[in-house]
Amino acid sequence: MKRRLPFHIILISFFLLSAIVVAEQKDSAIIKLNGYVDTYYAYYTDSVGIGNYQKFPSVDPRSNSFGLDHAMISAQYDGQKYRGVVTAHYGDIPRSIWSSTFNGIMEAHAGVKLCPKLWLDAGFFRTHTGAEGLLPKENFASCISISTFYEPYYESGVRLDYHPCSKVTVDFYVLNGYNMYEDNNNKKSVGLYAIYNFNDNANIGYTNYIGDDTPLAADTISHLRIYQNIFANYQIGKLKMQLGIDFFLQQNSNIIDQNKTASALTGVLNFKYLFNDRFSVYTRGEFFNDPEGFVGGFFADSTSKLTGYKLWGNTTGIEYKPTDNSYIRLEGRKLQMDSNQYIYYWNGAKRNYRLETLINLGISF
């Protein structure tokens with residue numbers, strides 16, 4: 001299939017921004033253009049075949065390969081009454097985890113101010129959930145935690161964006177579904193994002209998602225999912241810290257008794273120490289406990305028992321920033337599965353752990 005993505009994105013950007021500019025003729029406004037590129041080399045101790053994506057693919061998903069994680073360009077319009085954003089992207093991240101239908105669109109939404117502290121936006125959004133972002137430039141580490149891997153990346157719907165004061169933001173969403181642009185069952189979901197900024201160095205927040213994404217005709221049983229996340233960021237001196245906890249509940253999803261509700265718990269803890277403006281080191285601990293497999297899927301372990309992923313991981317790295325808007329990172333990670341979960345294959349044997357070495361170079365402009 002021939003790709004005509006650039007032409008489509010240009011058209012979308014042109015019509016969206018043109019419509020807003022026409023509506024905003026008498027209003028002062030700011031138009032911003034920016035971009036971002038992240039490239040990588042990665043090596044994994046898991047044999048999945050040349051050119052194939054690793055398990056849990058997202059950032060740096062190919063082993064023993066030089067690759068392009070992400071190349072994006074974004075146009076943003078900010079006026080007194082109207083606003084809009086269009087972002088196009090390409091690379092291994094969108095190819096491995098993004099919508100197959102709208103693969104080249106990272107976000108595209110327009111908004112109107114309803115009153116001084118309240119905006120209404122509609123369209124395609126990046127996710128409102130989680131402690132970490134998806135892109136390497138947004139996080140301490142380049143690779144994302146398994147918790148973040150199973151959180152939504154994108155969503156579509158409408159958003160009420162409320163800023164009662166400079167320290168508080170509250171967003172309410174009505175969405176098509178969990179990590180989807182297109183509706184799959186005519187049921188709508190809701191979500192909440194709330195954050196309180198104590199100061200420039202500390203904040204705390206809560207996000208959630210409530211919805212049933214069971215496909216039409218696939219199952220007559222309800223699978224209402226309640227996802228909740230709390231996160232916190234804090235900096236003291238040269239030390240930055242980040243904490244995130246996810247808790248999932250889903251109706252009729254127990255492996256043994258499908259009439260029972262299943263639960264899952266995941267978490268991530270990040271630390272970054274800044275030696276100066278250019279050099280820093282970071283480490284991250286993570287765990288992912290989904291015994292019923294309704295978040296990440298279930299499989300038969302080495303004892304032939306059906307189970308979901310249960311794992312922990314540690315990531316350690318060093319970062320050098322040649323300029324304020326660029327970085328070079330070298331990091332390593334170990335993902336350790338539960339004792340009976342041999343999901344990796346290396347040197348002719350199944351293993352329950354994987355080692356990773358990643359080098360990333362990125363620039364924003």
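This is a short tour of a predicted model, going from the whole chain down to a handful of residues worth selecting.

**Stop 1: the whole chain**

Start zoomed out, with the chain drawn as a cartoon. You should find 20 strands and three helices. Turn it about and the C-alpha trace spans about 70 × 55 × 50 Å along its principal axes. The radius of gyration is 21 Å, which agrees with the value near 21 Å that a compact globule of 365 residues would have.

Now switch on the surface. The accessible area comes to about 17700 Å², and carbon and sulfur atoms own 61% of that. Of the 365 residues, 47% are buried. If you like to colour by charge, there are 34 positive and 34 negative charges, and the mean positions of the two sets lie 3 Å apart.

One last thing before zooming in: how do the contacts run along the sequence? Taking contacts between residues at least 6 apart in sequence, 58% join residues at least 24 apart. Several of the stops below show contacts across the sequence, so keep a contact display handy.

**Stop 2: E286 and its arginine partner**

Select E286 and show its side chain. You are in strand β13, which covers residues 279-289. Is E286 buried or exposed? It counts as buried, because its relative accessibility is 5%, under the 20% cut-off.

Add R333 to the selection. The side chains of E286 and R333 are joined by a polar contact of 3.0 Å. Then bring up the rest of the surroundings: beyond its neighbours within four places in sequence, E286 is in contact with S145, I146, G267, V268, W312, G313, T315, R333 and L335.

**Stop 3: one step along, F287**

Move on to F287, also in strand β13. Here the relative accessibility is 33%, so F287 counts as partly exposed.

Which residues does F287 touch, leaving out those up to four places away in sequence? The list is S147, L265, T266, G267, L311 and W312. Pick W312 and put a distance label between the two C-alpha atoms: F287 and W312 are 25 residues apart along the chain, yet the separation is 4.1 Å. You have met W312 already, as one of the contacts of E286.

**Stop 4: S189 and Y209**

Jump to S189 in strand β8, which runs over residues 189-199. S189 is buried, with a relative accessible area of 1%. Show Y209 alongside: a polar contact of 2.7 Å joins the side chains of S189 and Y209.

S189 has plenty of other company to display. Not counting residues up to four places away in sequence, S189 touches Y173, V174, L175, N176 and G177, and also Y209, I210, G211, D212 and D213.

**Stop 5: two residues with positive phi**

Next, check some backbone angles. Select N186, in the loop between β7 (168-175) and β8 (189-199). N186 has a positive phi of about 65°, although it is not a glycine. With a relative accessible area of 64%, N186 is exposed.

Now go to D60, in the loop between β1 (29-44) and β2 (65-79). D60 is not a glycine, but its phi is positive at about 50°. Is D60 buried or exposed? D60 counts as buried, since its relative accessibility is 0%.

**Stop 6: V48, in the loop between β1 and β2**

Stay in the loop between β1 and β2 and select V48. At 23% relative accessibility, V48 counts as partly exposed. Setting aside residues up to four places away in sequence, V48 touches Y53, Q54 and K55.

Then add Y345 and label the C-alpha distance. V48 and Y345 are 297 residues apart along the chain, with 7.8 Å between their C-alpha atoms.

**Stop 7: N201, to finish**

The last selection is N201, in the loop between β8 and β9 (202-212). N201 is partly exposed, with a relative accessible area of 39%. What does N201 touch, not counting residues up to four places away in sequence? Show N233, Y234 and Q235.

For a final distance label, join N201 to I97, C-alpha to C-alpha. The two are 104 residues apart in sequence and 32 Å apart in space.

Methods. Residues are numbered from 1 along each chain as its sequence is written. This is a predicted model: local features need pLDDT of at least 70, side-chain atom pairs count only at pLDDT 80 or more; totals for chains, interfaces and linings use all residues. Side-chain values use heavy atoms; hydrogens and water are left out. Helices (H or I, at least four residues) and strands (E, at least two) are DSSP runs, numbered from the N terminus. Buried means under 20% relative accessible area, exposed over 50%, partly exposed in between (1.4 Å probe, protein chains only). A polar contact is a pair of N or O atoms within 3.5 Å; within protein, one must be able to donate a hydrogen and the other to accept it, and residues adjacent in sequence count only if both atoms are side-chain atoms. Contact means heavy atoms within 4.5 Å. The radius of gyration is taken over C-alpha atoms; the globule rule is 2.2 Å times the number of residues to the power 0.38. Accessible areas come from the Shrake-Rupley method with a 1.4 Å probe; for residues, only the protein chains shown count as cover. Lys and Arg count as positive and Asp and Glu as negative; His and the chain ends are not counted. The place of a charge is taken as NZ of Lys, CZ of Arg, CG of Asp or CD of Glu.
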